[in-house]
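The exercises below are meant to be worked with the sequence and the coordinates side by side. Try each task before reading its solution.

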Amino acid sequence: MLFRSSRAVWQRHLDNAAAGHPTGDPTAGCLPQGMPRIMTMTYPMEIVMNARQVNIFAEWNGQTRRIFTDGRSLPAPDDVEVTFNGTSVGYWEGDVLVATTVGMRPETNLESSGLPHSDVLVVKERIWLDGDDLLKDEITLVDAKAYTQPWTVTKAYHRAAPGAELIEYVCLENQRNPVNAAGEIGVTLAPQKP
C-alpha cells in the first residue's frame, strides 16, 4: 500500500505513541469505531437478515450497521449523509453478499494505530460463509486521496458457541483510556472514585 496525504497523519500518530502519548485511536474517548473498523473488531457481533437488509450488531460500543439489500442505489455524492458507519447497499451473488459503503466520517481510523482515510473512502466487500462455522469478509478500500492503490484484506469470523449472546458494552462507564484536551490517550489504572 502506498500513501498519499495520509502518510504524515499516520506518522504523527506513530511518533506520538512512541513518545508515550498516543493520539491515534478516537475510540479511546468512547467514539464509535466506524466503518470499516467495525468489521475488523475483536469483540463479538451478531448478524440478522431480512428481505430488506442485513443488520450487523457489534458488541463494541453497541454499534449497528445496516447493509440495504432492497435494490436501492448508493446516494449521489451530494446526498451522502456522512456518519460513522456510512451508507451500505448490497446485493446477493448466489451465497455471497456484495456490499459497497460510502459516507464514512473522515476522522475515524482504519485501525488502532491511527491509520487514516479521507472523505472519499469507498469500502467494497464480499461476505460469505466458508463452511458451517466460518464467515469471511473480503474488504477492499478504495481511497484515491489517501492511497495510491486499492487495499484488500480478508477477515475471518468464527461462529460462537451455541447460546452465546452479545453483552452490553458501555465505554463511558469504564473510562480506562481518557483523552485529554491535546487529543492524547491516557491510561487510568486505579479505579476512579465516584
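**Exercise 1.** Is Asn61 buried or exposed?

*Solution.* The model is a predicted one, and every value used here is computed from it. Begin with the location: Asn61 lies in the loop between strand 2 (53–58) and strand 3 (64–68). Next take the relative accessible area, which is 15% for Asn61. Buried means under 20%, so Asn61 is buried.

**Exercise 2.** Examine the backbone at Asn61 and at the peptide bond from Met35 to Pro36, and state what sets each apart from the general pattern.

*Solution.* Recall first that most residues other than glycine have a negative phi, and that most peptide bonds are trans. Asn61 is not a glycine, and yet its phi is positive, at about 60°. The bond that leads from Met35 to Pro36 is cis, with omega near 10°, and Pro36 itself is found in the loop between helix 1 and strand 1.

**Exercise 3.** Classify the ring pair formed by Tyr43 and Tyr169, and work out which parts of the chain the pair ties together.

*Solution.* The structure holds three aromatic pairs. For the pair of Tyr43 and Tyr169, the ring centres are 5.2 Å apart and the planes stand at 80°, so the pair is edge-to-face, given that the cut-off for this class is over 60 degrees. To place the two rings, note that Tyr43 belongs to the loop between helix 1 (6–18) and strand 1 (45–49), while Tyr169 belongs to the loop between strand 8 (151–158) and helix 2 (171–174), so the pair ties together parts that are 126 residues apart in sequence. Both residues can then be checked for accessibility: Tyr43 is partly exposed at 34%, and Tyr169 is partly exposed at 26%. Finally, ring pairs link Tyr43 and Tyr169 with Trp60 into a cluster.

**Exercise 4.** Which residue lies over the face of Phe68, and at what distance from the ring centre?

*Solution.* Looking at the ring of Phe68, one finds Arg72 over its face, at 3.8 Å from the ring centre.

**Exercise 5.** Describe the largest cavity by its volume, its lining residues and their classes.

*Solution.* A search of the whole structure gives one cavity of 30 Å³ or more, and the volume of the largest cavity is about 40 Å³. Its lining is made up of Leu121, Leu141, Val142, Asp143, Tyr147, Gln149 and Trp151. Sorted by class, this lining has five nonpolar residues, one polar and one charged.

Methods
Residues numbered from 1 in each chain as written. Predicted model: local features only at pLDDT ≥ 70, side-chain atom pairs only at ≥ 80, totals over all residues. Heavy atoms only, no water. 1 Å grid on protein atoms, 1.4 Å probe; cavity = no way out; pocket = protein on both sides within 12 Å on 5 of 7 lines; lining within 4 Å. Points joined across faces, edges and corners; volume = space filled by probe spheres on them. Nonpolar A, V, L, I, M, F, W, Y, C, P; charged D, E, K, R; others polar. Phe/Tyr/Trp six-rings, centres within 6.5 Å; stacked < 30°, edge-to-face > 60°. Helix = DSSP H or I, 4+ residues; strand = E, 2+ residues; numbered from the N terminus. Buried < 20%, exposed > 50% of the residue type's maximum accessible area, 1.4 Å probe, protein only. Lys NZ or Arg CZ within 6 Å of the ring centre and 35° of its normal.
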